[in-house]
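The following exercises concern strands, a pocket and burial in one protein model. Please study the sequence and the structure before attempting each task.

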Amino acid sequence: MRFIVIGLGNFGASLGAKLCEMGHEVIGIDSREVVVEEYKDKLTGTVCLNSVDEFAMRSQPIKEVDCVIVAIGEDWAASIQTTALLKKLGVKNIVGRSLSPLHETVLHGLNITTVVNPEAEAATAIANKLVSDRVKATYNLTENMTMYEIEVPNDFLNQTPDDCQMTAKYEMTLVAVKRKAIKQNIIGKDVETRIGKYIFTEPYHFDKGDIMVVCATPKGFNKFAEAYLK
């Protein structure tokens, strides 16, 4: 896929670099020449321009990419102006970075495809990891629903998902399980990887080291954490 990231601060630059690592094409845009120069070798390309300048933005392939991410931090006005300009120029898929609840409301008012708050999401992920080192990752789906990757508790070993009654007891639904496996890389060396299972048509027994991918409410997760993740 092809992306444009506008605003190469910590969030925008890190996101752009990660997308490139995943094999995507990323053009980074920033008004600061020193920043553009710093990331020119880490992204597919970088451009120094003012994103609220309509003439300058028209010179970029904003309609030819799959998504434009407005990652501008701190400058609330520039973020809104840039987003409004992208809408005016006909960009369909825009991701906006929220700097505050009011900012998020304005972005939704502009009918932005997706609004993210990386600081809040990072805080949630860190908080959950502080609860237990068995929590490997979290993904917020809605205000009252989160996806968690949790290393299977010792109490669940050799039991089936039905035995554990996660839905009935903890408002938690098992989506998939990631289990350790060994495969050979391109030079024939054994490397550890994970294989996923998401359809449980026959009895599946949890094994040590399994990662459960579950969907849960905050209340349900907290209750589960109290019971198994201390």
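Two strands are said to pair if DSSP finds at least two bridges between them. The model examined here is predicted.

**Exercise 1.** Determine how strands β4 and β5 pair, and place them in their sheet.

*Solution.* Step 1: β4 covers residues 67–70 and β5 covers residues 94–97. Step 2: 3 bridges connect them in the parallel sense; V68, for instance, has I94 in β5 as its bridge partner. Step 3: the open sheet has 6 strands in the order β3-β2-β1-β4-β5-β6, with parallel pairing. Step 4: β3 (45–48) and β6 (114–116) are the edge strands, since each pairs on one side only.

**Exercise 2.** Describe the lining of the second largest pocket.

*Solution.* Step 1: the volume of this second largest pocket is about 430 Å³. Step 2: 21 residues line it, and G7, D30, R32, I72 and G73 are the closest to its centre. Step 3: α1 (10–21) and β2 (25–30) are the elements that give two or more residues to the lining. Step 4: by class, the lining has 9 nonpolar, 7 polar and 5 charged residues.

**Exercise 3.** Explain why strand β11 is described as largely enclosed.

*Solution.* Step 1: a residue is buried when its relative accessible area is under 20%. Step 2: in a regular strand, side chains alternate between the two faces of the sheet. Step 3: in β11, I211, V213 and C215 on one side and M212, V214 and A216 on the other are all buried. Step 4: because 6 of the 6 residues of β11 (211–216) are buried, the strand is largely enclosed by the rest of the structure. Step 5: β8 (145–151) runs antiparallel to β11 and is joined to it by 6 bridges.

Definitions and conventions:
Residues numbered from 1 in each chain as written. Predicted model: local features only at pLDDT ≥ 70, side-chain atom pairs only at ≥ 80, totals over all residues. Heavy atoms only, no water. Helix = DSSP H or I, 4+ residues; strand = E, 2+ residues; numbered from the N terminus. 1 Å grid on protein atoms, 1.4 Å probe; cavity = no way out; pocket = protein on both sides within 12 Å on 5 of 7 lines; lining within 4 Å. Points joined across faces, edges and corners; volume = space filled by probe spheres on them. Nonpolar A, V, L, I, M, F, W, Y, C, P; charged D, E, K, R; others polar. Buried < 20%, exposed > 50% of the residue type's maximum accessible area, 1.4 Å probe, protein only.
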